Amino acid sequence: MNFTLTEEHLMIRDAARDFAQNECKPGVIERDEAQKHPTELVKRMGELGFLGMMVDPKYGGGGMDTVSYVLAMEEISKVDASCSVIMSVQNSLVCWGLETFGTEAQKQKYLPRLASGEMIGAFCLSEPEAGSDATQQRTTAIEKDDHYLVNGVKNWITNGGHAGIYLVIAQTDREKRHRGINAFIVEREWEGVSVGPKENKLGIRGSDTHSIMFADVKVPKENRIGEDGFGFKFAMKTLDGGRIGIASQALGIASGAYELARAYSKERKAFGKEISRHQAIQFKLADMATEIEAARLLCLKAAFLKDSGQHYGKLAAMAKVFSSEAAMRIAVEAVQVHGGYGFVKEYHVERLMRDAKITQIYEGTSEIQRMVIARFELQD
Ligand code: CAA
């Protein structure tokens, strides 16, 4: 067993760290407050190769492995979890889904623009009445001649307002239940696609979340992803990888909060000495550091399994549930270490605490991750 990162991994991690510290940090508080989309930073992420990290270079991507992606996600999430969710959806759900299951024509048409950041994508699975129970799709895609007619509403769509394409999951044949579901590439500019108002959120306020409405949208048959009826499996397989991205986002939020708490504890004095010299604070820091190390190992193991062609669904779910719950605990404790300062925006930790919450919810709640893990554990 070898826990050493390669030179290339370290270079990617350092590049992501520089980008996060030098470019994302300035203005992060203001963007959060104003719910301002980091449009310029998304463009920069495209230029730096962070939006198509794992895409084959022949489609304009970076051809990197999932370990590199985890490292970059951690660094960017330490500073700006709004930027990192945009990056995670783009890499794991949109690019990976298209590259793995799309036709050659679909890949050539969409991947280069996605990988360069010229175009952002969104993943449309959740509906007003189909969140955790994802088989209950009400959006329909009815086959007509050379196209499908798509009708329905999708909810809580990350990148919803800025996306050029949506990967839309819809029911074609209700009698076949989840085996009658399909996935489609739908372009934003097509007639019948409309974007609802931006959600006013607790955290990751820079990223834009919207409902997306589809009214008699004509989707050419060549825009279906995979065989007829593959849509539910497409969503599940894609989310397996997505969960590694969100687990790494949670890991980054946790390490960002920890680093702030550690630094503050070495400066702030109480009862005649730095608070880091009080055991009450030392125990908090020790627990945080231990949980971060465990979360990082889970994320990297899930990434390693994926990169080496092994089954990674269970590890991805374990990484997601552990990292997101650790992130929540660590961010709350980081606020506590800061005392009153932790409660005001200038110190960053209250934002990280608000950002941490969503990692326990999107791309499968903690309860769903436990369901997935238990199914693996109980199968013979
Ligand atoms: N890979 C491949 N196939 C899978 C699979 C996987 N990971 N998980 C399930 N399947 C297959 C099963 O094998 C089964 O296929 P067959 O019928 O052919 O045997 C089929 O899918 C149905 O599976 P289940 O019976 O297990 O389905 P279920 O109804 O019990 O649900 C679930 C399974 C895991 C709970 C699933 O519904 C789930 O993951 N729910 C959560 C959805 C989710 O994560 N939503 C996030 C929205 S996206 C988002 O948040 C993006 C964003 O913007 C940030």
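Start by selecting G339: this glycine comes directly after helix α9, and its phi is positive, near 60°. Keep in mind throughout that the model is predicted.

Next, step back and select α9 itself, residues 313-338. Place a distance label between the C-alpha atoms at the two ends of α9; they are 37 Å apart. The 26 residues of α9 should span 38 Å at 1.5 Å a residue, so the two values agree. Now colour α9 by accessibility. The helix is mostly covered, with 19 of its 26 residues buried.

Leave the helix and select the ligand. Which pocket does the ligand take up? The space is that of the largest pocket. Three elements each give two or more residues to the shell around the ligand: α5 (81-101), α7 (231-267) and α11 (366-378). Of the elements, α7 gives the most, with seven residues.

Show the residues around the ligand next. There are 26 of them, and the closest are S132, T158, H178, R243 and R375.

Three contacts to oxygen atoms of the ligand can be picked out one at a time:

- H178: an N or O atom of the side chain is 2.6 Å from a ligand oxygen.
- K233: a polar side-chain atom lies 2.8 Å from a ligand oxygen.
- G364: here the partner is a backbone N or O atom, 3.0 Å from a ligand oxygen.

Finally, turn on the surface of the ligand. How much of the ligand does the protein bury? Taken alone, the ligand exposes 1,100 Å², and the protein buries 76% of that area.

Methods. Residues are numbered from 1 along each chain as its sequence is written. This is a predicted model: local features need pLDDT of at least 70, side-chain atom pairs count only at pLDDT 80 or more; totals for chains, interfaces and linings use all residues. Side-chain values use heavy atoms; hydrogens and water are left out. Helices (H or I, at least four residues) and strands (E, at least two) are DSSP runs, numbered from the N terminus. The expected span of a helix is 1.5 Å times one less than its number of residues. Buried means under 20% relative accessible area, exposed over 50%, partly exposed in between (1.4 Å probe, protein chains only). A residue is near a molecule or strand if one of its heavy atoms lies within 4 Å of it. A polar contact is a pair of N or O atoms within 3.5 Å; within protein, one must be able to donate a hydrogen and the other to accept it, and residues adjacent in sequence count only if both atoms are side-chain atoms. Accessible areas come from the Shrake-Rupley method with a 1.4 Å probe; for residues, only the protein chains shown count as cover. On a 1 Å grid over the protein atoms alone, a cavity is a set of points where a 1.4 Å probe fits but cannot get out, and a pocket is an open set with protein on both sides within 12 Å along at least five of seven lines; lining residues have an atom within 4 Å of a point. A molecule sits in a cavity or pocket if more than half of its atoms lie within 2 Å of its grid points.
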